[in-house]
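Trainee: I am new to this structure and would like a close look at one part of it. Please take me slowly through the way its strands are arranged in a sheet, and then show me what is found beyond that sheet.

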Amino acid sequence: MSSESVVFVADVHIVSGSRPEGASAPANRFLEFLKCLPGRCRGLFILGDLFEVWVGHADAEAPDYRRVLDALAELEGAGVSLAFISGNRDFLLSDYLLENSGWPAYADRVTIELDGKQVQLSHGDLLCARDWQHLMLRGILRSWIFRKLFLALPRSLAGRLADGLRRFSRIALRSKRPEALGLDERELRRTFHGGVDVIICGHTHRGLHRTFEVDGRRCELFVLDAWTDRPGFLEYREGTFVRQHLPTDGTAR
């Protein structure tokens, strides 16, 4: 990676470890990846679901989560700018980051500019417009009153509630048609018609690159791979987006 590159990751799904002697395999893989970034890129965007679940500020003290948060703070101190966009598993993390870190955290979508290109970043679930059940539940969970009440719960009770919601989600997932789980073509084109040149997201766990012809412009969609299946990242370098995958040791080549 060049010193002017920008890196995007999503769906790392680090689990909450409880062993003080060392990080679990998913956390170790991500920590090794972070070590490769200082001096080699200028920015890291995390597009949601960094953690498998985040139910409140107390989660910051879970050993694996703490190691990752500390490593991210060190990365920022080394000159790499950071930004986080909420996922569906860790959307409450943005509240913690806004209170405890100096880097921006976004609840939904954000558009940045790279060499004149308008690049929209999101976790990706808002682009799954046909999954109305998820979007309805998403609206409830992200409402200000739910967030306020949920964050006030004891960690044990909040964790049980989160476990129940995940069980409900798994059951609901089995009844959904495959087309409801993918990105919606009309929503993608609507976004491109709005002036966006590139969409980068995660959520579906299936890496993808597509091009579109919209209003006489060549537009691109990048869906990032989940680290649970094929760990990787997207890199913007010298005017080009390049999809990368990690070797088994988690280091970026």
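Mentor: What follows goes through one sheet strand by strand and then turns to its surroundings. The model is predicted, which is why local features are described where pLDDT is at least 70 and side-chain atom pairs count only at pLDDT 80 or more, while totals for chains, interfaces and linings use all residues. Residues are numbered from 1 along each chain as its sequence is written, and side-chain values use heavy atoms, with hydrogens and water left out.

The sheet you ask about is open and is formed by 5 strands, in the order β5-β6-β7-β9-β8, with mixed pairing. Strands here are DSSP runs of E with at least two residues, helices are runs of H or I with at least four, and the numbering starts at the N terminus; two strands pair if DSSP finds at least two bridges between them. At the edges lie β5 (110–114) and β8 (208–214), each of which pairs on one side only. Averaged over the sheet, and ignoring direction, neighbouring strands are turned by 20° against each other, where axes are lines fitted to C-alpha atoms, for helices over the stretch in contact, and angles run from 0 to 180 degrees between N-to-C directions.

Let us begin at the β5 edge, where β5 and β6 (residues 117–121) are joined by 5 bridges in the antiparallel sense. Within this pairing, Ile 112 has Val 119 of β6 as its bridge partner, and Thr 111 stands opposite Gln 120 in β6. The hairpin of β5 and β6 has 2 residues between the strands, and in this hairpin Asp 115 takes a positive phi near 50°.

Moving inward, β6 pairs with β7 in the parallel sense, over 3 bridges. Gln 120 appears again here, since its bridge partner in β7 is Ile 199.

At the other edge, β8 and β9 pair over 7 bridges, and their sense is antiparallel. Here Glu 213 stands opposite Arg 218 in β9. The hairpin of β8 and β9 likewise has 2 residues between the strands, and in it Asp 215 takes a positive phi near 55°.

A helix belongs to this picture as well. The sheet spans β5-β6-β7-β9-β8, and helix α8 (residues 185–193) packs on it, touching β6, β7 (198–201), β8 and β9, with a direction that makes about 60° with that of β8; contact means heavy atoms within 4.5 Å.

Beyond this sheet there is another open one, made of 6 strands in the order β4-β3-β2-β1-β10-β11, also with mixed pairing. Its edge strands are β4 (105–106) and β11, and each pairs on one side only. Inside it, β2 and β3 (residues 81–85) run in the parallel sense over 4 bridges, and Phe 45 stands opposite Ala 83 in β3.

One last feature concerns the rings. A search of the whole structure finds 13 aromatic pairs, a pair being two rings of Phe, Tyr or Trp (its six-membered ring) with centres within 6.5 Å, called stacked when the planes are under 30 degrees apart, edge-to-face when over 60, and tilted otherwise. Among the pairs found, that of Trp 54 and Tyr 96 is tilted, because the planes stand at 50°, with the ring centres 5.4 Å apart. This pair links distant parts of the chain, as Trp 54 lies in the loop between β2 (43–46) and α2 (63–77), whereas Tyr 96 lies in helix α3 (residues 93–100), 42 residues apart.
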